[in-house]
Amino acid sequence: MKLTVLSGGVGGARFTRGLLAHLATTDPGSPVTVIANTGDDMWLHGVRVCPDLDTLMYTLGGAVHEEQGWGRRDESSRVSADLAAYDVGWDWFTLGDLDLATHLARTQWLREGLSLSRTTERLAARWRLADQGVRLLPMSDQPVETHVEVDDGLIHFEEWWVRHRAALPARRFVQVGLDTAEAAPGVLDAIRDADVVLLPPSNPVVSVGTILAVPGIRAALRETAAPVVGVSPIIGGAPVRGMAAECLATLGVDATAEAVARHYGLRATGGVLDGWLVDTADKDAADRLAADGWRARATDTLMHDVPATARIAAEVLGLAGR
Ligand code: FO1
């Protein structure tokens, strides 16, 4: 069975790790293509930082700092501290020493002319993602950076997210570079040729939403013969982590499991989804969606460990009829 996952950072990475655990017992060797959001990417100290690609790579490669959900396990920050002594960089954004190796390798290869896809392939090879049947693709090889319009103008998403913890009122999100971006090689085919396409509980606005904005991706989702099924990032009216509620508010979408589903839309009525998995706390939402033709189901969707997440993946695949 061929699967394709559209993913942001922490939530999508943890979901995909559980999906792989589930597939290992039911359908070993299933190829899984993960299409990652690159809207959080930035240049910092002359190196290219790709937060969601790296969170996916480290999580699936077994090297992630588990409590943080991002960055490397056993990390240190000697270089970052010494950079602060030079008063360069952002004191609210720490690049770990081991993480820097990833950015230096990526930047070297980018400067040698390799695409972001090719550099990602090389970085992922070190973490042996292919041994798990995983192919990690950026949504685009062209830079697309999410910026946030606040009272003082446009700031990079990471500044809004990490420095201000999304506390600054956001007027809108701007994907800088989107107009000249194309889906990266293999991305559209991965959606069209999949047996199942999954939208994990990533941020529906700045993570999955950014992926959907890349030309051709929304159309590929609407055309694919594969069922497209998602997992709600909202449980009982609140996001499980992160600031999805602030992001949704910017679009005027309620922070509820049902509102996010309807924001993505049902494929039969112009949207991108066929099914939506919600938490048991939102059972009534599943009932209302089912009444409107959705494949909707409620289960415990808290990804508190890999076995729990594997069960969620099994539920989602069940919703997809697989
Ligand atoms: N998040 C933080 O809250 N604080 C940080 O200092 C920080 C550093 C960082 C460095 C590299 C990287 O790839 C991610 C980093 N993140 C940090 C996480 C990042 O903000 C999030 O992973 C995504 O941008 C949101 O999903």
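**View 1. A three-stranded antiparallel sheet in the predicted model.** In this predicted model, 3 strands form an open sheet in the order 7-6-8, and their pairing is antiparallel. Strand 7 (153-156) and strand 8 (172-176) stand at the edges. Each has a single partner strand, so one side of each lacks a neighbour in the sheet. From one strand to the next, the twist averages 35 degrees.

**View 2. Pairing of strand 6 with strand 8.** Strand 6 covers residues 145-150. Strand 6 and strand 8 are joined by 5 bridges and run antiparallel. One residue pair can be picked out here: glutamate 149 has arginine 172, in strand 8, as its bridge partner. Strands of a sheet pair through backbone hydrogen bonds, in either the parallel or the antiparallel sense.

**View 3. A seven-stranded parallel sheet.** This open sheet has 7 strands in the order 5-2-1-9-10-13-14, with parallel pairing. Its edge strands are strand 5 (134-138) and strand 14 (295-299). Each of these two pairs on one side only. The twist averages 20 degrees from one strand to the next.

**View 4. Strands 9 and 10 side by side.** Strand 9 (residues 196-199) and strand 10 (residues 228-231) run parallel. They are joined by 3 bridges. Leucine 198 has valine 229 of strand 10 as its bridge partner.

**View 5. Helix 2 across the parallel sheet.** Helix 2 spans residues 51-60. Helix 2 lies across strand 1 (3-7), strand 2 (32-36) and strand 5. Relative to strand 5, helix 2 runs at about 170 degrees.

**View 6. The crossing of helix 1 and helix 13.** Helix 1 (residues 10-26) and helix 13 (residues 306-319) have axes that come within 7 Å. The axes cross at roughly 80 degrees. The two helices are therefore roughly perpendicular to each other. Helix 1 contributes Arg14, Phe15, Arg17, Gly18, Leu19, Ala21, His22 and Leu23 to the contact. Helix 13 contributes Val306, Thr309, Ala310, Ile312, Ala313, Ala314, Val316 and Leu317. By class, the contact has 11 nonpolar, 3 polar and 2 charged residues.

**View 7. Cysteine 50 and cysteine 247.** The structure holds 0 disulfides. Cysteine 50 is in no disulfide, and its nearest cysteine sulfur, that of cysteine 247, is 20 Å away. A disulfide would need the two sulfur atoms within 2.5 Å. Cysteine 50 has 0% relative accessibility, so it counts as buried. Cysteine 247 is also in no disulfide. Cysteine 247 is buried, with a relative accessible area of 0%.

How values were computed: Residues numbered from 1 in each chain as written. Predicted model: local features only at pLDDT ≥ 70, side-chain atom pairs only at ≥ 80, totals over all residues. Heavy atoms only, no water. Pairing = 2+ DSSP bridges. Helix = DSSP H or I, 4+ residues; strand = E, 2+ residues; numbered from the N terminus. Axes fitted to C-alpha atoms, helices over the stretch in contact; angles between N-to-C directions. Parallel < 35°, antiparallel > 145°, perpendicular 65-115°, else oblique. Contact = heavy atoms within 4.5 Å. Nonpolar A, V, L, I, M, F, W, Y, C, P; charged D, E, K, R; others polar. Buried < 20%, exposed > 50% of the residue type's maximum accessible area, 1.4 Å probe, protein only.
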